[in-house]
Amino acid sequence: MKRNKQWIIILGTSLLLLLAGCGNSPENKNGEENSDIKTQEKTDVSAHEGHHKSGSGVVPENLKEAENPAYKVGSQAIIEADHMEGMKGAEATITGAYDTIAYTVTYKPTTGGEEVKNHKWVIQEEIKNADEAPLEPGTEVVLEADHMEGMKGATATIDSAEKTTVYMVDFVPTTGGEEIKNHKWVTESELSPVD
């Protein structure tokens with residue numbers, strides 16, 4: 001009986017982690033070991049388990065399709081990003097390719113809970129009242145993106161900006177489970193060709 005209670009506690013804790021929210025794994029560009037970054041990475045991977053599993057495929061009206069994307073709609077690519085568990089190394093089918101500005105943002109979910117730091121990615125067209133000019137790091141904005149619970153309407157700070165092609169993708173996680181459809185967003189640098 002005691003063992004059953006332990007399993008219930010373990011499963012309950014796992015479920016809470018799955019519902020935690022979404023973050024992103026920061027990268028140490030110099031290749032140096034940094035215990036703060038390693039700790040943050042572990043936290044962010046757990047937080048990403050709560051990421052919405054599939055999207056509607058609806059994109060902002062003013063989002064421009066990429067004229068000549070490296071990965072064409074319908075083609076396959078390998079995901080190099082690790083926004084969520086089971087993503088890195090998964091084979092993806094490209095369902096959309098768009099030219100825009102992609103941002104990492106830090107925001108406090110409207111539903112409460114911990115601040116989400118360096119979330120990848122929110123695009124220019126998902127920021128309230130954004131024109132075509134890139135936003136500078138440190139700019140405070142309101143998110144129109146609805147990738148996960150508590151994101152839409154949240155006040156966010158721009159952490160970084162990158163003019164790029166972003167992709168919407170379908171993939172089956174390397175950890176198993178159901179196919180994730182219309183995941184938003186993966187940048188061109190986060191994909192590699194299928195061998």
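Visitor: With the side chain of which residue does the side chain of His83 make a polar contact?

Guide: In this predicted model, His83 sits in the loop between β2 (76–79) and β3 (91–107). His83 counts as buried because its relative accessibility is 3%, below the limit of 20%. At a distance of 3.0 Å, its side chain makes a polar contact with the side chain of Glu190.

Visitor: How many of the residues of β3 are buried?

Guide: Strand β3 follows the loop that holds His83, and spans residues 91–107. This strand is mostly covered. Of its 17 residues, the number that are buried is 13.

Visitor: Over how many bridges do β3 and strand β6 pair?

Guide: Strand β6 covers residues 155–171 and runs antiparallel to β3. One pair of bridge partners is Asp99 and Thr165, the latter in β6. The number of bridges between β3 and β6 is 15.

Visitor: Which residue in β4 is the bridge partner of Tyr103?

Guide: Strand β4, residues 116–123, also pairs with β3 in the antiparallel sense. Five bridges are found between them. In β4, the partner of Tyr103 is Val122.

Visitor: Which residue stands opposite Glu91 in β3?

Guide: Strand β1 (residues 64–65) is joined to β3 by two bridges, and the two run antiparallel; there, Glu65 stands opposite Tyr98. Strand β2 is likewise antiparallel to β3, with three bridges. In that pairing, the residue opposite Glu91 is Ile78.

Visitor: Which elements give two or more residues to the largest nonpolar core?

Guide: In soluble globular proteins, nonpolar side chains tend to be buried together. Here the largest nonpolar core has 17 residues, and those that touch the most other members are Ile79, Met87, Ile94, Tyr167, Val169, Phe171 and Leu191. The elements that each supply two or more residues to this core are β2, β3, β6 and β7 (180–187).

Visitor: How many residues make up the second, separate core?

Guide: Among the members of this second core are Val116, Val122, Leu143 and Ala154. The core is separate from the largest one, and its number of residues is 16.

Visitor: What distance separates the C-alpha atoms of Ile158 and Thr106?

Guide: Ile158 lies in strand β6 and counts as buried, because its relative accessibility is 2%. Beyond four places in sequence, its contacts include Tyr103, Val105, Ile127, Leu135 and Val141. Thr106 is 52 residues from Ile158 along the chain, and their C-alpha atoms are separated by 6.7 Å.

Visitor: What is the angle between the planes of Tyr71 and Tyr167?

Guide: The structure holds two aromatic pairs. One of them is formed by Tyr71 and Tyr167, with 5.8 Å from centre to centre in an edge-to-face arrangement. The pair links distant parts of the chain, as Tyr71 is in the loop between β1 and β2 and Tyr167 is in strand β6, 96 residues apart. Both residues are buried, and the angle between their planes is 80°.

Visitor: Which residue forms an aromatic pair with Tyr98?

Guide: This pair is edge-to-face, with 5.9 Å between the centres and 80° between the planes. Tyr98 lies in strand β3 and its partner in strand β7, 87 residues apart. Both members are buried, and the partner of Tyr98 is Trp185.

Visitor: Which residue does a cis peptide bond join to Trp185?

Guide: A cis peptide bond joins Lys120 and Trp121, with omega about -5°; Trp121 is in strand β4. Trp185 lies in strand β7. Its cis peptide bond has an omega of about 0° and joins it to Lys184.

Visitor: Is Asn182 buried or exposed?

Guide: Asn118, in strand β4, has a positive phi near 50° although it is a residue other than glycine. Asn118 is partly exposed, because its relative accessible area is 31%. Asn182, in strand β7, also has a positive phi, near 55°. At 18% relative accessibility, Asn182 counts as buried.

Definitions and conventions. Residues are numbered from 1 along each chain as its sequence is written. This is a predicted model: local features need pLDDT of at least 70, side-chain atom pairs count only at pLDDT 80 or more; totals for chains, interfaces and linings use all residues. Side-chain values use heavy atoms; hydrogens and water are left out. Helices (H or I, at least four residues) and strands (E, at least two) are DSSP runs, numbered from the N terminus. Buried means under 20% relative accessible area, exposed over 50%, partly exposed in between (1.4 Å probe, protein chains only). A polar contact is a pair of N or O atoms within 3.5 Å; within protein, one must be able to donate a hydrogen and the other to accept it, and residues adjacent in sequence count only if both atoms are side-chain atoms. Two strands pair if DSSP finds at least two bridges between them. A nonpolar core is a set of buried Ala, Val, Leu, Ile, Met, Phe, Trp, Tyr and Cys residues joined through side-chain atoms within 4.5 Å. Contact means heavy atoms within 4.5 Å. Rings of Phe, Tyr and Trp (its six-membered ring) pair if their centres lie within 6.5 Å; planes under 30 degrees apart count as stacked, over 60 as edge-to-face and the rest as tilted.
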